[in-house]
Amino acid sequence: MLLQVGGKRSALGLLAIRRVWSMSRSAHTAPQTLEYKPIKKVMVANRGEIAIRVFRACTELGIRTVAVYSEQDTGQMHRQKADEAYLIGKGLPPVAAYLHIPDIIKVAKENGVDAIHPGYGFLSERADFAQACMDAGVRFIGPTPDVVRKMGDKVEARAIAFSAGVPVVPGTDGPISSLQQAQEFSNSYGFPIIFKAAYGGGGRGMRVVREYEELEENFQRAYSEALTAFGNGALFVEKFIEKPRHIEVQILGDKYGNVIHLYERDCSIQRRHQKVVEIAPAAHLDPHLRDRLTADSVNLARQVGYENAGTVEFLVDKHGKHYFIEVNSRLQVEHTVTEEITDVDLVHAQLRVCEGRSLPELGLKQDKIRINGYAIQCRVTTEDPARGFQPDTGRLEVFRSGEGMGIRLDSASAFQGAVISPHYDSLLVKVIASGKDLPAASAKMSRALAEFRVRGVKTNIPFLQNVLSNNQFLNATVDTQFIDENPDLFNLKPVQNRAQKLLHYLGHVMVNGPTTPIPVKAKPSPIDPVIPPVPLGEPPVGFRDVLLREGPDGFAKAVRAHQGLLLMDTTFRDAHQSLLATRVRTHDLKRIAPFVAHSFSNLFSVENWGGVILVWHYCFLFFLCFLSPSLSPSLLFDISLLIASFPVFVRFCEVAKENGMDIFRVFDSLNYLPNMLLGMEAAGAAGGVVEAAISYTGDVSDPTRQKYSLDYYLKLADELVKAGTHILCIKDMAGLLKPDSGHLLVSALRDRFPDVPIHVHTHDTAGAGVAAMLACAEAGADIVDVAVDSMAGMTSQPSMGAIVACTKGTKLNTGISLEKVFDYSEYWEVTRGLYAPFDCTATMKSGNADVYENEIPGGQYTNLHFQAHSMGLGNKFKEVKKAYAEANKLLGDLIKVTPSSKIVGDLAQFMVQNSLTRAEVEERADELSFPLSVVEFLQGHIGIPHGGFPEPFRSKVLKSLPRVEGRPGASLPPLDFQALEKQLRDAHGDEITPEDVMSAAMYPKVFQEFKEFTRTFGPVDCLDTRLFLDGPKIAEEFEVELERGKTLHIKALALGDLNKAGQREVFFELNGQLRSVLVKDTMAMKEMHFHPKALKDVRGQIGAPMPGKVVEVKVKQGQQVEKGQPLCVLSAMKMETVVNSPLSGTVAKIYVTADSTLEGDDLILEITE
């Protein structure tokens, strides 16, 4: 059963060899009387690019063409390229259709086909198919059935090669049928060995075994794969040669015994024994070895009387010895490179030989075949190299190929709109590059691949580009282990796909409306803001230069010594955050930043970042919101920071400072000193100016309100100054500072700390902001916060223009030009119109002095107003405000700054939604399902409030829940930033920035959602705000600048009808070319879904207490639950609520899953008692 090489004895025996030689010899020496019979009609029993390749050759020769196709291939291009096309294999699986010989022969006979070309794969090496053609009187364009049989049987082909004196790899002399036979071979020759399919190629049914323990599994896998691919699981075994080159020789024979070679191809670059890149000729091949390879190939072909095209394949070891492995009795996928270097059309030759022409008649004589340059073929496939070359399927949304001199493309399904099927080979297009030498051909191939744009499915192009840039490839020293030994080939450059992703986003907005939650139905203004003129050159010197020159301590002294009042502009952050139920996009901030730098260099600073702003930008506006100081190099950038986990905060301060933040306003929502001291330490260590902020509430001028008295604030200030703050800040988030109270507080602080700069921040909700800030300035404040006029007032900061005008000509003169303020204000007035759906004026027409009673912070006042409207409580906002005051008392009279203000707001809305009074909440605290934020506050998650927690309310709500003792976060282990970065790179690729790591550390879920959004929709920050929020109108034309020098010209064309999959096709014109995207219509899908409501009179039916999304279901069907046990968590408008069981019993049925979107009273689950 064994065949040996060299001096070893062969089990075939001498007589068997003589018989093989005698049969072979007679096959090509017998006299033949042939005549030329023109072919008039050719069928290709194949699909895809090889079918089209043959059709083109037929058309050039004036031959009519016939295609066959399966039911799954009705839309494939090959059937459209033929003169006629017919369905085969109706009702059969996709591959089986092309293997159904009776159907193929029937179509050929019924339609007057003279000859059938088998292509490659499928039936191309099936002798029974070749014989069926002959029996039907149809010519088979290939070798005779007998030769196909001999060459298709790899064992017999090896015997013929051996008899012809061609070296072969040691192996079995027949197909093996059992694992025991494989074990016998491995015992004789040792490992490694290789299983090969006896009746097919292309790498299928091929498995390398390196040790005994792997033998059984690989035998079974190879058998199964061969059976699936070729209908026969027969295998044979060979000794595996380590790291050989895979060299194959193209041969061509005719019916008269003439055989020539067309030189060799190097197919060593393989993945799992499947060729990836082919080169002709083989580089650095010893001329004597080339002669031996070609001579052996021609001799072997003559031995069997080979006619038509074929390939003889060899392995060449590192010593230059070559071994025959097989003959492919068909046209190869890589025949193209041979055509390019020899200028011989192999398909033309196949057809002419089949007609009866001789090679000399065709001008094909060995001495006329010359090598001209080099050619490379890359097989572009719809496979994802990052996922083990897993095939990808779907619709080609974009297809743009690389072309130009020296490039040839052979394809079939490579066009926009084509659907890549999962049923067949993943080959998309063959790219062939030719050049005078290998480097020239490589350069052309690299250039062509770089020009490709394939969107909608993954391709292996990034991998091929890595291969072409690899030094081992460029030096032509590759072998069959090249891919396995070069893991760097899988360091893939991400495909940007920016334009198509943006079209997906625009289409999504056109079909489904804004991705950002819109509180009211107002539309963004159609008018775009105009940027005021900006002078050329560098902006004037500002306070940032003082900081850079003298450091934080010197900077603080300069501020204190400054004559006049300094202003901080909050327009870039807190102003718009307070007026709008969203955040202004960086797109709009960047446009006006240069004007601000040139016109307001004597501002103290520009506030442009806040602790909560990151969440909103990630959640709803989908961009990271650090504003580069390069846009305003002379201005100080101010950042407001809420203290949380210390290790994370330390790193955050470092990253913020690296990104250009200068002043760190450190605050705690409860004025919890341990938190603040850690924050000050971190900000100072990062090199920033430390501005410790005292969060203000109450009224220091009212002697009846003693919890937050003047003495309380002075003692707190003592601790902050002692800790080394550079600037002392009063942070009045609710706008409670009246002129008298502001004057009193600032005067006391100034008397106590004459050398420390004082900075005052307030809101203008009651309308007294300008008066209060002027009073603070008169009392000794160095800096007050303002917003440009069109973004000032109401829940925002006091007006910049008003302060500038009121102090002009006084000792408090700001030195700011009113004319520049007016220009600045005009830009923001128009920009504000773009955010009309979020503007507080949509639901609120003025400020309100009742803020002195309810103490709602400015930004929260706006958000609560919108939340009330979104939850159907718009007509109850007055009740919400009253409930806010009551909730504040329930919680012990808190300082209300994010997040403590949110906790009070959540409780207030909960009370209004459920029609609860303060007394009822206190009475039923042990059974109500409180908002999660309230529960966590009472547990101590944000610190200990001044005066302690309210009792017995706290104990009744928490029951047995754990409590946090001391500073929150103190017990947290240090975060391993390196491990987190590695985790992010593994999940999102190598383009992870320090800002990404920081964001993921603080808000892991939000950051993950942000990355998923940008992966789907691309750089939406490039879009104008109106387009981002509302999408384009039909026939609207617009431009999108991706980066400097790269601008997209887009026109929205049409919106298609709803298809069966619930999608609409949206059509665009992009840079003059038609593009379309398929978008799922979420509203249409929602209309098909009806969620049951909870019946209020049925005790066990648990309904949603508010509209929202299910975050987590905490129980399972059939589970026993106790009264008060958490059932699920809902989220709406940034508020999470735990729904607790109102009774004990068994969960009978659950109606929701995680991510379910619910309306109020939608049924969550049923409990039976």
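Colleague: Where should I look for strand β34 and strand β35, and how do the two pair?

Modeller: The general idea comes first: strands of a sheet pair through backbone hydrogen bonds, either parallel or antiparallel. In this predicted model, β34 and strand β35 (residues 1063-1070) pair in the antiparallel sense over six bridges. To find your place, start at Ala1052, which stands opposite Phe1068 in β35.

Colleague: What links β34 to β35, and which residue in the turn has a positive phi?

Modeller: The two form a hairpin with four residues between them. Gly1062 sits in that turn, with a positive phi of about 75°.

Colleague: Which strand is joined to β34 by another set of six bridges?

Modeller: That's strand β33 (residues 1037-1043), which runs antiparallel to β34 (residues 1046-1058). Look at Phe1038: its bridge partner in β34 is Ile1050. β33 and β34 also form a hairpin, this one with two residues between them. In the turn, Gly1045 has a positive phi of about 90°.

Colleague: How do I read a whole sheet, say the one with eight strands?

Modeller: Read across it, strand by strand. The order is β15-β14-β11-β12-β13-β16-β23-β21, the pairing is antiparallel and the sheet is open. β15 (322-328) and β21 (407-411) are at the edges with a single partner strand each, so one side of each has no neighbour in the sheet. From one strand to the next, the twist averages 25°.

Colleague: Which pair inside that sheet could I follow in detail?

Modeller: Try strand β16 (residues 374-381) and strand β23 (residues 427-435), antiparallel strands joined by eight bridges. Tyr374 is a handy marker, standing opposite Gly435 in β23. While you're there, remember that in a regular strand the side chains alternate between the two faces of the sheet.

Colleague: What packs on this sheet?

Modeller: Helix α2 (residues 48-60) does, touching β21 and β23, and its direction makes about 110° with that of β21. Helix α14 (residues 438-451) packs on the sheet too. Its contacts are with β13 (274-280), β16, β21 and β23, and its direction makes about 140° with that of β23.

Colleague: How does the sheet of five strands pair, parallel or antiparallel?

Modeller: Parallel, in an open sheet ordered β4-β3-β2-β5-β6. The edges are β4 (84-87) and β6 (139-140); each has a single partner strand, so one side of each is left without a neighbour in the sheet. Four bridges join strand β3 (residues 64-69) to β4. Ala67, for one, has Ala85 in β4 as its bridge partner.

Colleague: Now helices. How do I read a packed pair such as α5 and α6?

Modeller: Begin with the general idea: an α-helix has 3.6 residues a turn, so residues three or four places apart point the same way. Then check angle and distance. Helix α5 (residues 101-110) and helix α6 (residues 127-135) pack at about 30°, their axes 11 Å apart. Angles under 35 degrees count as roughly parallel, and α5 and α6 are therefore roughly parallel to each other. Their crossing is right-handed. Ile101, Ile104 and Ile105 of α5 make the contact with Asp128, Phe129, Ala132 and Cys133 of α6. By class, that contact has six nonpolar, no polar and one charged residues.

Colleague: At what angle do α26 and α27 cross?

Modeller: Roughly 45°, and the axes of helix α26 (residues 769-779) and helix α27 (residues 800-807) come within 10 Å. The two are therefore oblique to each other, and their crossing is right-handed. Val770, Met773 and Leu774 in α26 meet Ala802, Ile803, Cys806 and Thr807 in α27. The residues of this contact divide into six nonpolar, one polar and no charged.

Colleague: How many residues of helix α12 are buried?

Modeller: Seven of the eight in α12 (residues 335-342), a helix that is mostly covered. Among them are His335, Val337, Glu339 and Ile341. After α12 comes Asp343, whose phi is positive, near 60°.

Colleague: Is Ile527 buried or exposed?

Modeller: Exposed counts as over 50% relative accessible area, and Ile527 counts as exposed because its relative accessibility is 54%. You'll find Ile527 in the loop between α17 (498-512) and α18 (543-561). Leaving aside residues up to four places away in sequence, Ile527 touches Val830 and Leu834. Along the chain, Ile527 and Thr831 are 304 residues apart, yet their C-alpha atoms are separated by 8.5 Å.

Notes:
Residues numbered from 1 in each chain as written. Predicted model: local features only at pLDDT ≥ 70, side-chain atom pairs only at ≥ 80, totals over all residues. Heavy atoms only, no water. Pairing = 2+ DSSP bridges. Axes fitted to C-alpha atoms, helices over the stretch in contact; angles between N-to-C directions. Contact = heavy atoms within 4.5 Å. Parallel < 35°, antiparallel > 145°, perpendicular 65-115°, else oblique. Left-handed = near helix turned anticlockwise from the far one by under 90°. Nonpolar A, V, L, I, M, F, W, Y, C, P; charged D, E, K, R; others polar. Buried < 20%, exposed > 50% of the residue type's maximum accessible area, 1.4 Å probe, protein only.
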